[in-house]
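Here are some notes to read beside the coordinates, set out as numbered points. They go from the sheets to single strands, then to the core and to a few individual residues.

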Amino acid sequence: NALTLGGSPGEQGQALTINQGNNVQFRVAGATDLGSAGVVQFLGSAAVSLGGAVTGSSTLVYAGSGTLNLGLVGVQPTATNTFSGGVLIRSGTVNVTATGPNGGGAVVNNSLGSNTVTMMGGTLNLLVENASANDTAGKVYAFPNEVILNASATIAANRNTGTATGN
């Protein structure tokens with residue numbers, strides 16, 4: 001399945017509200033196209049996973065009370081997302097996956113792409129997938145993204161040793 005948003009110019013843009021019911025998650029396994037202009041806001045309380053490629057040039061805004069997963073947690077991404085409008089986190093949790101080389105270094109297949117992340121609250125979890133289980137503490141994994149903090153927010157980093165692949 002795929003999700004395509006038309007892109008609406010201006011700061012209002014489009015809002016997609018997904019509320020949780022009975023612990024159900026909203027998952028897009030195919031591509032997500034954010035559109036060519038404006039802002040796309042994800043709102044609501046449900047866990048939302050964008051598991052396929054994310055494209056377009058609209059700004060991705062997360063202002064929900066749940067979780068937005070860019071990439072699938074526990075699954076090594078096979079490509080870098082190419083959306084280019086930036087990421088704004090207002091609340092909730094945004095999980096970002098990337099592939100980490102054994103021994104540390106610059107991540108590849110980053111689900112944030114090269115976007116700047118602006119935080120006005122919430123939590124950003126940077127998850128390095130496919131890091132060797134033999135890697136010990138002290139390894140450094142570098143994400144290329146600029147992060148701008150405009151309010152109190154949390155940034156966390158962790159690694160997973162799963163080897164499943166997908167994007």
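1. Two strands are taken to pair here if DSSP finds at least two bridges between them. On that basis, an open sheet of 6 strands can be traced in this predicted model, with the order 3-6-9-12-15-18 and parallel pairing. Its edge strands are strand 3 (25-28) and strand 18 (154-159), each of which pairs on one side only. Neighbouring strands of this sheet are turned by 15° against each other on average, direction ignored.

2. On confidence, the protein chain averages a pLDDT of 82, and 82% of the residues score at least 70. The values are not even along the chain: among its elements, strand 14 has the highest mean pLDDT, at 96, while strand 19 (residues 165-166) has the lowest, at 52. I would ask the reader to keep this in mind when looking at the individual elements.

3. As for overall make-up, the secondary structure of the protein chain comes to 19 strands and 0 helices. Of the 167 residues in the chain, 45% are buried, and the chain exposes about 7,500 Å², of which carbon and sulfur atoms supply 48%. Among contacts with a separation of 6 or more, 71% are between residues 24 or more positions apart.

4. A second open sheet deserves mention, formed by 3 strands in the order 1-4-7, again with parallel pairing. Strand 1 (3-4) and strand 7 (54-55) are its edge strands, each pairing on one side only. Strand 4 (residues 32-33) runs parallel to strand 7 and is joined to it by 2 bridges, and in this pairing D33 stands opposite T55.

5. Returning to the sheet of 6 strands, its pairings can be checked one by one. Strand 3 and strand 6 run parallel and are joined by 4 bridges, with S49 of strand 6 as the bridge partner of R27. Further along, 7 bridges join strand 12 to strand 15, also in parallel, and A98 stands opposite V128 there. Strand 15 then pairs with strand 18 in the parallel sense over 6 bridges, where N125 stands opposite A156.

6. Which residues of strand 15 point one way, and which the other? T123, N125, L127 and E129 point one way, whereas L124, L126 and V128 point the other way, and all are buried. In a regular strand the side chains alternate between the two faces of the sheet. Because 7 of the 7 residues of strand 15 are buried, this strand is largely enclosed by the rest of the structure.

7. The largest nonpolar core has 30 residues, and those with the most contacts inside it are F42, L50, L70, V94, V96 and L124. Several elements give two or more residues to this core, among them strand 5 (39-43), strand 8 (59-62), strand 11 (87-89), strand 12 (93-99) and strand 15 (123-129). In soluble globular proteins, nonpolar side chains tend to be buried together. L70 can serve as an example from this core: leaving aside residues up to four places away in sequence, L70 touches L50, L60, F83, V94, N95, V96, T97, S111 and L112, a set that includes polar residues as well as L50, V94 and V96 from the list of core residues with the most contacts.

8. Some of the strands that contribute to the core are also paired with one another. Strand 5 and strand 8 run parallel and are joined by 4 bridges, with V40 standing opposite L60. Strand 8 is in turn joined to strand 11 by 3 bridges, again in parallel, and L60 stands opposite V87 in this second pairing.

9. Is L43, a residue of strand 5, buried or partly exposed? At 24% relative accessibility, L43 counts as partly exposed, because buried means under 20%. Leaving aside residues up to four places away in sequence, L43 touches A15, L16, T17, I18, A63 and G64. The C-alpha atoms of L43 and S65 are separated by 7.6 Å, although these residues are 22 residues apart along the chain.

10. One backbone angle merits a closer look. N109, in the loop between strand 13 (105-106) and strand 14, has a phi near 50°, which is a positive value in a residue other than glycine.

Conventions: Residues numbered from 1 in each chain as written. Predicted model: local features only at pLDDT ≥ 70, side-chain atom pairs only at ≥ 80, totals over all residues. Heavy atoms only, no water. Core = buried A, V, L, I, M, F, W, Y, C linked by side-chain atoms within 4.5 Å. Buried < 20%, exposed > 50% of the residue type's maximum accessible area, 1.4 Å probe, protein only. Contact = heavy atoms within 4.5 Å. Areas by Shrake-Rupley, 256 points an atom, 1.4 Å probe, with all protein chains shown as cover. pLDDT = per-residue confidence, 0-100. Axes fitted to C-alpha atoms, helices over the stretch in contact; angles between N-to-C directions.
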